[in-house]
Amino acid sequence: DEATRGFIETLEEKLGTSVEIQEQNASGEAANCTTIINNFVSQGVDLILCNGTTALQAAVAATGDIPILGTSVTEYGVALGIDGFDGTVGGNVSGTSDLAPLDQQAQMLADFFPADQYPTVGMLYCSAEPNSAYQVEQVTNYLTEMGYTVEDYSFSDSNDLATIATNASTSCDVLYIPTDNTAASNTEIIQNICLPAGVPIIAGEQGICSGCGVATLSISYYDLGYATGEMAVQVLTGEADISTMPIEYAPNFTKMYNPSNCEALNITVPDDYVAIEG
């Protein structure tokens with residue numbers, strides 16, 4: 001994972017051999033996250049990095065003492081159930097967010113697929129992921145104001161994804177998929193259903209776009225992880241108090257497109273878009 005790689009390389013660059021790093025992959029499974037986090041807590045580690053919402057939630061449930069930094073978490077207020085979230089979690093938690101501006105994502109969809117030609121937009125996402133639901137709600141509001149009819153196509157897990165994706169591709173002119181871990185792990189299923197149906201997809205992040213989308217507003221996950229590593233250095237060296245550190249966001253966004261899917265769907269791409277390689 002690029003975010004984890006960026007984080008580790010920052011620590012190695014700035015702290016050298018004075019830092020010991022344990023890397024364990026929970027594969028997004030809540031039970032695995034809980035087991036790994038509990039092991040870290042029992043060891044009394046100095047800091048826990050959580051890559052993704054599931055890991056963050058497990059860590060917050062496990063310890064209120066060890067500093068926790070999240071990365072690739074879309075919306076901390078939603079993930080942690082904080083009402084009136086003001087940008088700073090407080091306590092022993094901070095981190096970085098991979099949220100790209102949702103109004104710009106909605107505008108991207110409108111630029112490619114105007115409402116008078118593509119009037120119906122389907123929202124395809126996993127209902128078990130609160131961050132996905134948050135993004136869908138916001139983008140739905142923007143698109144509705146632009147004159148689209150927006151339909152909700154949520155799936156509970158990967159087992160019913162194919163059925164829901166088929167329903168969406170049958171009923172909608174274009175689909176939007178937010179940053180969604182379940183969708184990201186199953187882009188081949190989505191691609192094999194939506195591309196033959198001729199239904200284009202605007203994606204919330206590069207990984208989903210490269211698997212089944214046509215365009216996205218992308219961030220560099222390596223840079224996001226690197227920024228999280230810089231926050232970790234400040235915490236570990238005592239330069240900063242994690243309880244007062246606001247959530248940081250990616251500074252730059254790139255308009256990107258999937259060349260093969262755009263060609264297959266005869267979509268003309270504006271000059272200011274960058275092709276996703278590979």
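Two strands pair if DSSP finds at least two bridges between them. The model used in these exercises is predicted.

**Exercise 1. Lay out the sheet.**
Task: find the order of the strands in the open sheet of seven strands, and name its edge strands.

Solution.
Step 1. Read across the sheet: the order is β5-β4-β6-β7-β8-β10-β11. The pairing is mixed.
Step 2. Look for strands that pair on one side only. These are β5 (149-155) and β11 (274-275), the edge strands.
Step 3. Check a pair inside the sheet. β7 (residues 201-203) and β8 run parallel and are joined by two bridges. Ala-203 has Thr-216 of β8 as its bridge partner.

**Exercise 2. Follow strand β4.**
Task: state how many bridges join β4 to β5 and how many join β4 to β6, then say which way the residues of β4 point.

Solution.
Step 1. Take the β5 side. Seven bridges join β4 to β5, and the two strands run parallel. Gly-122 has Glu-151 of β5 as its bridge partner. Cys-126 stands opposite Phe-155 in β5.
Step 2. Take the β6 side. Here three bridges join the strands, again running parallel. Val-121 is partnered by Val-174 in β6.
Step 3. Sort the side chains. Thr-120, Gly-122, Leu-124 and Cys-126 point one way from β4. Val-121, Met-123 and Tyr-125 point the other way.
Step 4. Check burial. Seven of the seven residues of β4 are buried.
Step 5. Trace the connection. β4, α6 and β5 make a right-handed β-α-β unit.

**Exercise 3. Place two helices on the sheet.**
Task: list the strands that α5 lies across and those that helix α7 touches, and give an angle for each helix.

Solution.
Step 1. α5 lies across β4, β6, β7, β8 and β10 (254-257). Its direction is at about 155° to β8.
Step 2. Helix α7 (residues 161-171) packs on the sheet and touches β4, β5 and β6. The direction of α7 makes about 165° with that of β5.

**Exercise 4. Find the core.**
Task: identify the residues with the most contacts inside the largest nonpolar core, and the element that gives the most to it.

Solution.
Step 1. Start with the count. The largest nonpolar core has 29 residues. Met-123 and Leu-143 have the most contacts inside it.
Step 2. Name the contributors of two or more residues: α5 (102-112), β4 (120-126), α6 (130-145), β6 (174-177) and β8 (215-218). α5 gives the most, with six residues.
Step 3. Zoom in on Met-123. Leaving out residues up to four places away in sequence, it touches residues including Val-136, Val-139, Leu-143, Val-150 and Tyr-176.
Step 4. Look for another core. One of 23 residues lies apart from this core, and includes Ile-164, Cys-172, Leu-175 and Ile-190.

**Exercise 5. Test the cysteines.**
Task: explain why Cys-212 is in no disulfide, and give the total count of disulfides.

Solution.
Step 1. Set the cut-off. The two sulfur atoms must be within 2.5 Å.
Step 2. Apply it to Cys-212. The closest cysteine sulfur, in Cys-194, is 7.0 Å away, so the gap is too far for a bond. Cys-212 is buried, at 4% relative accessible area.
Step 3. Count. The rule gives zero disulfides. Cys-209 is in none: its nearest cysteine sulfur, that of Cys-262, is 7.3 Å away. Cys-209 is also buried, at 0% relative accessibility.

**Exercise 6. Examine Gly-95 and α3.**
Task: decide whether Gly-95 is buried or exposed, then find what the buried residues of α3 pack against.

Solution.
Step 1. Locate Gly-95: it is in strand β3 (residues 93-97).
Step 2. Read its accessibility. At 0%, Gly-95 is buried.
Step 3. List contacts beyond four places in sequence. They are Leu-69, Gly-70, Tyr-76, Met-231, Pro-246, Ile-247 and Glu-248.
Step 4. Compare sequence with space. Gly-95 and Gly-229 are 134 residues apart in sequence, but 9.4 Å apart C-alpha to C-alpha.
Step 5. Turn to α3 (residues 53-62). Its buried residues include Thr-53, Ala-55, Leu-56, Ala-58 and Ala-59. The buried residues of α3 pack against α2 (30-43), β1 (48-51), β2 (68-73), α4 (76-79), β3 and α6.

Note on methods
Residues numbered from 1 in each chain as written. Predicted model: local features only at pLDDT ≥ 70, side-chain atom pairs only at ≥ 80, totals over all residues. Heavy atoms only, no water. Buried < 20%, exposed > 50% of the residue type's maximum accessible area, 1.4 Å probe, protein only. Core = buried A, V, L, I, M, F, W, Y, C linked by side-chain atoms within 4.5 Å. Helix = DSSP H or I, 4+ residues; strand = E, 2+ residues; numbered from the N terminus. Contact = heavy atoms within 4.5 Å. Axes fitted to C-alpha atoms, helices over the stretch in contact; angles between N-to-C directions. Right-handed = clockwise from strand over helix to strand, strands pointing away.
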